[in-house]
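Let's take a friendly walk through how helices can pack against one another. Have a look at the structure first, and then we will go through it step by step.

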Amino acid sequence: MRWKVVVALFIIFNILDGLITIYGIKVGQFYEANPLVAVVMAKVGLLWAFILMKGLSCIGGLFIFFRIGRVSFASSALLFSTAVMFSVVVYSIFLLASAG
């Protein structure tokens with residue numbers, strides 16, 4: 001049961017990160033530091049790049065989690081990834097709030 005909450009939070013934080021980044025780029029306070037995402041963004045546009053890249057991130061992470069099974073390594077990796085995404089979202093909000 002606990003893993004369902006972690007999976008949901010992983011997806012929610014990825015979506016929030018994408019939305020906050022899109023907003024930050026649109027208002028000129030952020031730039032895309034990930035070179036792969038920047039290339040995709042140049043090819044398909046800001047919104048589609050983040051839909052594609054965040055979709056791949058979520059699908060890839062969840063594929064590994066479910067493929068390996070809910071063993072301790074996979075669970076720990078997903079929990080760590082969720083904590084990282086939470087930190088990124090909080091930091092991004094802090095940057096937006098402090099800039100304006």
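A crossing of two helices is called left-handed if the near helix is turned anticlockwise from the far one by less than a right angle, and right-handed if it is turned clockwise. Keep that in mind as you explore this model, which is a predicted one.

Start with helix α1, residues 2-26, and helix α4, residues 72-99. Their axes come within 9 Å and cross at roughly 30 degrees. Angles under 35 degrees count as roughly parallel, so α1 and α4 are roughly parallel to each other. As for handedness, α1 passes α4 in a left-handed crossing. On the α1 side, the residues making the contact include Val 6, Phe 10, Phe 13 and Ile 20, while α4 contributes, among them, Leu 78, Met 85, Phe 86 and Ile 93. What kinds of residues meet here, by nonpolar, polar and charged? The contact of α1 with α4 divides into 16 nonpolar, 5 polar and 1 charged.

Now turn to a second partner of α1, helix α3, residues 46-68. These two helices pack at an angle of about 160 degrees, and their axes are 10 Å apart. Angles over 145 degrees count as roughly antiparallel, so α1 and α3 are roughly antiparallel to each other. Here α1 makes a right-handed crossing. Among the α1 residues in this contact are Trp 3, Ile 11, Gly 18 and Lys 26, and those of α3 include Phe 50, Lys 54, Gly 61 and Phe 65. By class, the contact of α1 with α3 has 13 nonpolar, 5 polar and 3 charged residues.

Conventions: Residues are numbered from 1 along each chain as its sequence is written. This is a predicted model: local features need pLDDT of at least 70, side-chain atom pairs count only at pLDDT 80 or more; totals for chains, interfaces and linings use all residues. Side-chain values use heavy atoms; hydrogens and water are left out. Axes are lines fitted to C-alpha atoms, for helices over the stretch in contact, and angles run from 0 to 180 degrees between N-to-C directions. Helices (H or I, at least four residues) and strands (E, at least two) are DSSP runs, numbered from the N terminus. Angles under 35 degrees count as roughly parallel, over 145 as roughly antiparallel, 65 to 115 as roughly perpendicular and the rest as oblique. Contact means heavy atoms within 4.5 Å. Ala, Val, Leu, Ile, Met, Phe, Trp, Tyr, Cys and Pro count as nonpolar, Asp, Glu, Lys and Arg as charged, and the others, Gly among them, as polar.
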